[in-house]
Amino acid sequence: MWDLDTPVYRFNKKGDVWTIRDLCTGVLVLGSPGSGKSSCVMALLRQIILAYHFGAMVLCAKPGEAKLWIEDAIRHGRADDIVHVTKHGKHVFDPLMYESRRSRHGPDMNNVAAMLMSLARVGKPHVQAGDQASDFFSSSAEDVVRYGGYILVASGENFSLMNLKAAMDSAPME
């Protein structure tokens with residue numbers, strides 16, 4: 001168990017420190033491109049996380065960032081702690097499987113439908129409320145996910161995108 005007020009980095013001799021509590025409540029790093037957010041501040045955070053044996057889930061967008069984490073983890077003797085999730089790797093994260101296993105009562109279809117609809121909107125332009133055609137299709141897609149999920153769970157099938165698609169494909173078209 002950690003004392004949350006344990007200093008993990010001293011900025012100066014005046015007593016300005018970063019504590020475990022600071023790390024747990026969040027760190028926001030802002031700056032223009034090339035200002036050193038990754039190479040300075042995030043590198044320092046990476047060293048602190050690894051040196052103190054904290055757990056972390058790191059999402060990398062920059063090419064090479066994951067490689068830095070892996071190299072530093074190995075340097076800190078943390079090679080066995082790495083679970084590197086990639087598109088073609090042996091480790092995957094299936095959000096549908098996760099949601100379906102969270103409760104002994106099965107997945108909350110409202111949460112699953114909302115999650116999938118949010119994922120489907122990633123990278124798409126925001127549509128103004130009141131666009132009736134868009135609202136209709138979004139609502140219909142959410143209903144298909146929700147009710148298709150209920151059917152899969154009730155029939156004893158694994159809740160997955162593949163099974164959800166197979167259930168939709170098997171529906172009568174007329």
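**A buried arginine and the helices around it**

Arg-46 is buried, with a relative accessible area of 5%. In this predicted model, that residue offers a suitable starting point, and the account below proceeds outward from it. Arg-46 belongs to helix H2, which comprises residues 37-51. The helix contains 15 residues and reaches 20 Å from its first C-alpha to its last, a span close to the 21 Å expected at 1.5 Å a residue. Helix H2 nevertheless bends by about 35°, and the bend is located at Ala-43.

Ala-43 is also one of the buried residues of H2, together with Leu-45, Arg-46, Ile-48, Ile-49 and Leu-50. Against which elements do the buried residues of H2 pack? Two of the partners are strands, E1 (7-10) and E2 (17-19), and two are helices, H1 (20-25) and H3. The contact with H3 leads back to Arg-46, as the following pairing shows.

Side chains of opposite charge can pair when their charged atoms come close. Arg-46 forms a salt bridge with Asp-72, and the closest N and O atoms of the two residues are 2.6 Å apart. This pair links distant parts of the chain, since Arg-46 stands in helix H2 and Asp-72 in helix H3, 26 residues apart. Is Asp-72 buried or exposed? Asp-72 has a relative accessible area of 5% and therefore counts as buried, the limit being under 20%. Arg-46, also with a relative accessible area of 5%, is buried as well.

Asp-72 has a further partner. Its side chain meets that of Arg-75 in a salt bridge, with 2.2 Å from N to O. Asp-72 and Arg-75 both lie in helix H3, 3 residues apart, which is about one turn of the helix. Arg-75, however, is exposed, with a relative accessible area of 61%. Asp-72 thus takes part in a bridge with buried Arg-46 and in another with exposed Arg-75.

Helix H3 (65-75) also contains Glu-65. At 12% relative accessibility, Glu-65 counts as buried. With its neighbours within four places in sequence left aside, Glu-65 is in contact with Ser-38, Arg-46 and Cys-60.

A search of the whole structure finds 9 salt bridges. One of them is found in helix H6 (132-154), where Arg-146 pairs with Glu-142 and the closest N and O atoms are 3.2 Å apart. Arg-146 is buried at 13% relative accessibility, whereas Glu-142 is partly exposed, with a relative accessible area of 24%. What separates these two residues along helix H6? Because they are 4 residues apart in that helix, about one helical turn lies between them. Elsewhere, salt bridges that share partners join Arg-46, Glu-65, Asp-72 and Arg-75 into one network.

The loops deserve attention next. Helix H2 is followed by His-53, which lies in the loop between H2 and H3. The phi angle of His-53 is near 60°, a positive value in a residue other than glycine. Is His-53 buried or exposed? With 51% relative accessibility, His-53 counts as exposed, because the limit is over 50%.

The loop between helix H3 and helix H4 (95-101) holds Val-85. Val-85 is partly exposed, with a relative accessible area of 44%. Which residues form a nonpolar patch with Val-85 on the surface? They are Val-83, Phe-93 and Tyr-98, and the patch has about 430 Å² of accessible area in total. Val-85 can belong to such a patch because its 44% relative accessible area is over the required 30%.

A final position lies in the loop between helix H6 and helix H7 (161-169), where Ser-160 is placed. Although it is a loop residue, Ser-160 is buried, with a relative accessible area of 14%. Apart from neighbours within four places in sequence, Ser-160 is in contact with Leu-96 and Leu-152. Ser-160 and Ser-138 are 22 residues apart in sequence, and their C-alpha atoms are 20 Å apart in space.

Technical notes:
Residues are numbered from 1 along each chain as its sequence is written. This is a predicted model: local features need pLDDT of at least 70, side-chain atom pairs count only at pLDDT 80 or more; totals for chains, interfaces and linings use all residues. Side-chain values use heavy atoms; hydrogens and water are left out. Patches are made of residues with over 30% relative accessible area and no salt bridge: like charges are joined within 9 Å, nonpolar side chains (Val, Leu, Ile, Met, Phe, Trp, Tyr) within 5 Å. Accessible areas come from the Shrake-Rupley method with a 1.4 Å probe; for residues, only the protein chains shown count as cover. A salt bridge is a side-chain nitrogen of Lys or Arg within 4 Å of a carboxyl oxygen of Asp or Glu. Buried means under 20% relative accessible area, exposed over 50%, partly exposed in between (1.4 Å probe, protein chains only). The expected span of a helix is 1.5 Å times one less than its number of residues. The bend at a residue is the angle between axes fitted to the seven residues ending there and the seven starting there. Contact means heavy atoms within 4.5 Å.
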